[in-house]
Each structure stands twice: as C-alpha cells, then as structure tokens.
Amino acid sequence: MSGALLSRLAGRLPLILGGAITACIIGTALVSQVWTPEAPTRMRFALKLKGPLAQGLLGTDHFGRDLTSMLMVGAWNSLSIAVLAVLLGAMAGTLLGVTAAARAGIIDGAIMRLCDILFAFPAVLSAIMLGALMGPGALTAVVAIGVFMIPVFARVTRSAAAQVWARDYVLAARAAGKGAARITLEHVLPNIAGQIIVQVTIQLGLAILTEAGLSFLGLGIAPPAPSWGRMLADAQTYLTAAPHLALVPGIAIALSVLGFNLLGDGLRDLIDPRRRLAA
Amino acid sequence: MMLEVRDLAIDIARPDAEPLRLVNDVSFRLAAGRTLGIVGESGSGKSMLLKALIGLLPGTIRATGSILFDGTDLLALGEAEMCRVRGRRIGMIFQEPMTALNPAQRIGDQIAEGIRWHRRVSAAEARAEALQWLERVRIPDARRRIDTYPHEMSGGQRQRVGIAIALAMRPDLLIADEPTTALDVTVQAEILDIFDELVSDLGVGLILVSHDLGVIGRIADETLVLYAGTRMEEGPTEAVLRHPRHPYTRGLLAAMPRRGGGVGAGGDLPTIPGTVPSLAALPPGCRFANRCGCVTEACRAAEPAWRTAADGRGLRCILGPEAAA
C-alpha cells in the first residue's frame with residue numbers, strides 16, 4: 001500500500017471507525033426490536049449471575065436475566081431517548097439561534113441570556129427537578145436532556161448564522177426584497193446545515209452518556225425496561241462477585257459515546273474545507 | 001422622471017460625537033431607459049448612495065432629503081413597504097460575483113426563486129423563464145448550466161448570473177455597484193455589452209457606479225462625479241469626459257492610462273497629489289482645495305455652491321464653467 005493512500009486512510013480513520021461503531025449500535029438497537037436471544041425481562045433464578053459464555057453470550061444478572069438481550073434492548077432505549085432529546089434540543093436551539101442571528105439587538109441579547117440561564121443548570125439537576133414534577137420516566141429524560149441541549153445548539157447556530165448574514169449573497173437577497181424569515185430559510189439554513197449535523201452527531205454521544213447517568217440515578221426509563229444506566233446501577237452490589245455485570249453496560253456506553261464523537265469529528269473534517277486533508 | 005434624488009445627505013451616528021456626514025447635497029434625476037454613471041474614488045460615498053437608494057443602510061446610518069421613485073419618497077417608506085420595492089422595482093448587482101451568489105443553491109433555482117417571490121407563477125414557468133434569462137445574459141450551454149452550483153462557474157459567468165437574478169424580477173431601476181471591477185478586461189467588455197443591450201431593450205433605468213472612467217464613458221448617458229461625499233460635476237457623459245469643467249474631473253481624466261499621449265515626461269502616469277480628506281476633518285472651504293492645481297484663496301474660505309450652467313451641466317467650483325480649457 002502506498003504511503004499517500006495510507007496517510008489518507010489514517011486521516012479518515014475517525015470517520016470510518018466512528019461510522020462503524022455507530023452503525024453497529026444502531027443495528028443492534030434495531031435488531032432488538034424484532035429479535036433477542038431471550039426475553040430481556042424473563043427471570044431465571046436458577047441461572048443467576050452466570051459469567052459470559054457460561055450462559056448466553058454475556059452471561060446473566062442477579063435475576064438470571066439474559067445480559068445480551070438486556071444490552072440489545074438497552075441500546076434501543078438509550079438511543080431512542082438520546083435521539084429524541086437531541087432532536088428536541090437541535091430544533092429548539094436552531095430556531096433560537098437563527099432568530100438571534102436574524103434579529104440583532106434586544107431580541108438577540110434576550111435569547112442568548114436565556115440560553116446562559118438554561119446552561120447554568122446541569123442536565124442531571126434539571127432532570128431531578130423535572131422528575132419531581134412529572135415523575136421519572138422516558139419523557140422526563142427526553143425533556144431534561146433536550147432542554148440541556150438547547151443552548152448548545154442555539155450558540156453554534158447563532159455564530160454560524162451570523163457569519164452567513166454577513167455574506168454578500170444575503171445582502172443580494174435583501175436587495176431582492178426578501179425578508180428575514182425567507183432569507184433564513186433559503187440562504188442561512190442550507191449554508192449552516194453541515195455544522196448543525198456535526199453538532200447533532202457529537203451531542204448524540206453526550207445524550208447517551210447523560211441518559212445513562214439519569215437511569216443510573218433512577219430518573220430514566222421505568223423498570224423493568226432495560227437501560228444501560230440501570231444495568232450499571234444494579235451491578236454495583238455484585239461488583240466483586242460478577243464484575244462483568246458492570247463491565248458489559250460500561251463498555252457499551254463508552255463505545256457508543258466514542259463512536260458518535262469520532263463520527264462527529266470525522267464529519268467535521270469532511271465538511272470543513274479548511275480542515276480537509278491536503279492529500 | 002422615474003427617479004429623482006433631492007438634497008440627499010447621509011449621516012452616521014457616533015457614540016460620543018455629533019453624527020458624521022458621509023454624503024452631502026447630492027441630487028440627480030434619471031429617466032427610464034437611461035443610464036447614469038457615478039464616478040468617484042474610494043471613500044467618495046458611492047456605495048452609501050446606492051445603499052440609500054435601495055434602503056439597505058445599516059441601522060446606525062440615516063439618510064435625509066428625498067428619493068422620489070415614480071413619485072413615492074423611498075426614504076419615507078417603512079421596512080415592509082421597502083421590501084416590496086426591493087427586487088421588484090429596484091434591482092441591484094454587486095461588485096463581487098464570487099460572493100454574491102448563494103453557494104448552496106443551483107443557479108437556476110436562485111433565478112427562479114426571485115421570479116416566484118414577486119410574481120405568482122408555477123415552478124415550471126419560473127424555471128423556463130430562468131433559462132431564458134441565462135440565455136439572454138449569454139451563458140453558453142444554458143440548458144445544462146442551469147443546474148450547476150456557483151462554484152462551478154467563472155467570475156464572469158457568475159456576474160452574468162447575478163445580472164440575470166436581478167433582471168428576472170423585472171425591476172424598473174437597476175443599480176450596479178462596480179459590476180465589472182472584479183472581472184478581467186475582455187469579460188468586462190462583454191458584461192457592458194449585455195448591460196447596453198438590456199437597458200435599451202427593456203427600458204430599465206441603470207445606475208452604474210465605477211471608479212473606471214473607461215467603463216462610464218462606454219455605457220453612461222449622464223455622468224455624476226462624486227468627491228469626498230458630495231457631487232462635483234454632472235452632465236452628459238460625452239461632454240463631461242471631453243470637456244471636463246471641474247479640476248477634479250480633469251485630474252481623473254489625466255490619470256487614465258492611454259496609448260499615445262497623456263503620459264508625462266518621465267513616462268509616469270499623472271496623478272492627483274494627496275489623498276481624499278477624512279470626512280471627520282473636512283477643510284472649511286472646497287473639499288478638493290488641498291489637492292487642486294487651480295486653488296485660490298477664495299477656495300479655502302467657503303465651500304462653493306452647486307451651480308447649474310446655461311447648458312444644464314452642474315458644477316461645484318468657484319471658477320465656474322468658463323475657467324475650463
């Protein structure tokens with residue numbers, strides 16, 4: 001293999017690796033909806049705390065539930081909450097960001113200060129608050145994580161949109177009689193879409209991590225539906241007797257965060273020509 | 001008269017000082033189907049003037065006076081009403097063809113969009129019309145090029161697309177801000193041909209701003225010479241360029257490179273000495289006094305008034321039209 005090709009491949013490695021990991025996780029999540037080795041909630045006390053390969057691929061937990069099946073369904077649960085939360089945050093945040101960029105002055109200032117206030121609350125704190133209000137559950141997790149993402153997207157969108165607003169083609173559009181809403185739809189959004197997509201990918205990783213944190217604290221999806229965070233919480237008691245109970249969901253969480261981050265980095269390099277490889 | 005600008009002044013607000021006057025005492029008229037050339041060097045207020053015409057001055061800058069367009073004073077219109085004037089009644093063409101097109105949109109869509117924005121036509125009709133405009137501004141192989149993105153085109157082609165976008169909205173008045181400055185000379189000639197043809201065919205009024213007297217001489221019926229934010233001389237282009245009355249216009253003409261004469265003894269191009277004065281510290285008298293070869297004591301006493309001579313040509317010089325030549 002030639003050196004140039006090798007270095008190009010090395011440069012694309014984050015994209016390839018991140019894409020592969022992400023695809024595996026999404027694939028697993030999808031498969032879990034039609035097939036799992038065992039019913040993930042089926043308890044078999046005779047088979048409890050079996051190690052990997054002793055019973056099923058990854059062993060069983062303290063109720064004798066099949067860890068592989070729980071991990072697969074947990075992927076679906078984590079991923080769907082993360083995706084919904086990021087969608088919520090991305091849509092609301094993008095709306096706020098483009099509005100702030102289009103309306104300089106008081107409205108811009110008000111939106112960005114609102115984001116500062118939102119940003120001051122960590123996701124876990126707002127989830128505990130929301131949990132107290134709405135009761136714990138998947139919806140609470142989605143809203144808590146989503147609201148936490150709004151300022152992130154608002155800031156990224158605002159700065160990207162403000163750069164587009166300074167371009168000549170926006171001046172040309174204004175000279176053509178187009179209003180701010182029309183310019184935002186036609187000129188601003190298409191030109192910042194790439195940056196938003198990159199941000200969505202990176203935030204998905206963060207959302208999975210936060211979701212795991214919330215369900216670790218019992219604020220996520222309601223039991224007995226499996227989730228990675230609660231698998232981790234349950235494993236605490238058996239940390240010495242059955243360390244695989246903690247390792248399996250732990251590795252799953254770490255891998256998926258890594259996957260989405262690598263993918264986001266790779267996409268950024270792909271989209272941003274200034275960071276594109278010279279090869 | 002389609003466009004009549006009267007006593008236009010443009011001021012910029014300053015945080016801890018009196019507003020600064022960027023443009024002062026500018027008036028001109030333009031009839032449909034005619035071309036007005038506006039000449040001036042950097043800082044002469046050309047771009048501000050154009051932005052005032054189309055109502056796109058930044059928030060801290062205010063225009064006063066009146067801009068009568070078909071009898072309506074544009075300066076009195078609100079933003080919503082002005083949006084209906086922009087594009088549909090007054091179109092604009094920009095200096096930099098490389099940045100004036102949306103990089104994320106096919107050129108055909110950019111033209112068609114403007115058509116549909118101002119007139120209720122179907123997408124297919126708008127596309128067909130866009131194609132006609134591309135052919136009209138002489139984009140080769142327009143049928144195929146209609147689906148290309150701006151980055152696939154050359155600067156000259158993009159400028160033609162810019163012209164097509166502006167014209168497709170069928171404005172009555174077209175404003176072009178140095179439309180050929182960023183292009184090389186042969187492309188420049190083609191673009192000017194296109195302008196010439198369109199102005200006479202469509203009967204639009206054209207205001208073309210340039211620092212290049214060659215461009216102005218080629219295309220403009222009337223010429224207005226700006227210096228440091230005010231008008232210095234105005235008249236039919238032919239007369240102004242052949243028999244300039246203002247020392248500044250004469251200086252500009254002398255500074256034009258040309259074959260045969262015009263070049264000084266050492267082979268150097270004549271220049272106008274000095275630079276444009278800062279608008280914040282204008283001399284009390286004539287703004288051009290510190291660079292003028294014909295300066296007298298009276299020039300520094302007070303700014304000369306704008307005077308219209310018997311032949312209709314305007315001049316802001318204490319020496320008057322007779323002093324020339």
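This report walks through the two chains, the contact between them and the nonpolar core of the structure above. Please keep in mind that the model is predicted.

**The two chains side by side**

Let us start with chain A, whose secondary structure is made of 10 helices and zero strands. Following the sequence from start to end, its pattern reads α-α-α-α-α-α-α-α-α-α. Chain B brings in strands as well, with 11 helices and 12 strands. The table sets out some overall values for each chain.

| Chain | Residues | Buried residues | C-alpha extent along the principal axes |
|---|---|---|---|
| Chain A | 279 residues | 46% | roughly 75 × 60 × 30 Å |
| Chain B | 325 residues | 42% | about 70 × 50 × 40 Å |

What radius of gyration would a compact globule of 325 residues have, and what does chain B have? The globule would come out near 20 Å, and chain B has 21 Å, so the value for chain B agrees with that of a compact globule.

It is also worth looking at how far along the sequence the contacts reach. In chain A, taking contacts between residues at least 6 apart in sequence, 70% connect residues at least 24 apart. In chain B, with contacts again taken between residues at least 6 apart, 61% connect residues at least 24 apart.

**Where the chains meet**

Now to the contact between the chains, to which chain B gives 22 residues and chain A gives 15 residues. Which elements of chain B give two or more residues to its side of this contact? They are α2 (79-85) and α3 (107-118) of chain B. Of these, α3(B) supplies the largest share of the side that touches chain A, with four residues. Sorted by class, this side of chain B holds 11 nonpolar residues, together with six polar and five charged ones.

**The nonpolar core**

Finally, we come to the interior. The largest nonpolar core counts 158 residues, and Ala164(B) and Ile175(B) have the most contacts inside it. Which helix contributes the largest share of this core? That is helix α3 of chain A, residues 67-102, which contributes 18 residues.

A closer look at Ile175(B) is a nice way to explore this core. Leaving aside residues up to four places away in sequence, Ile175(B) touches Leu50(B), Leu53(B) and Ile54(B). The list of its partners continues with Ile90(B), Met92(B) and Ile207(B). If you have the structure open, Ile175(B) is a good place to begin, as one of the two residues named for the most contacts inside the core.

Methods
Residues are numbered from 1 along each chain as its sequence is written. Chains are lettered from A and ligands numbered from 1 in the order in which they are written. This is a predicted model: local features need pLDDT of at least 70, side-chain atom pairs count only at pLDDT 80 or more; totals for chains, interfaces and linings use all residues. A residue is buried if 20 or more other C-beta atoms lie within 10 Å of its own, exposed if 12 or fewer, and partly exposed in between; C-beta atoms are placed from the backbone. Two residues are in contact if their C-beta atoms, placed from the backbone, lie within 7 Å. Ala, Val, Leu, Ile, Met, Phe, Trp, Tyr, Cys and Pro count as nonpolar, Asp, Glu, Lys and Arg as charged, and the others, Gly among them, as polar. The radius of gyration is taken over C-alpha atoms; the globule rule is 2.2 Å times the number of residues to the power 0.38. A nonpolar core is a set of buried Ala, Val, Leu, Ile, Met, Phe, Trp, Tyr and Cys residues joined through C-beta atoms within 7 Å.
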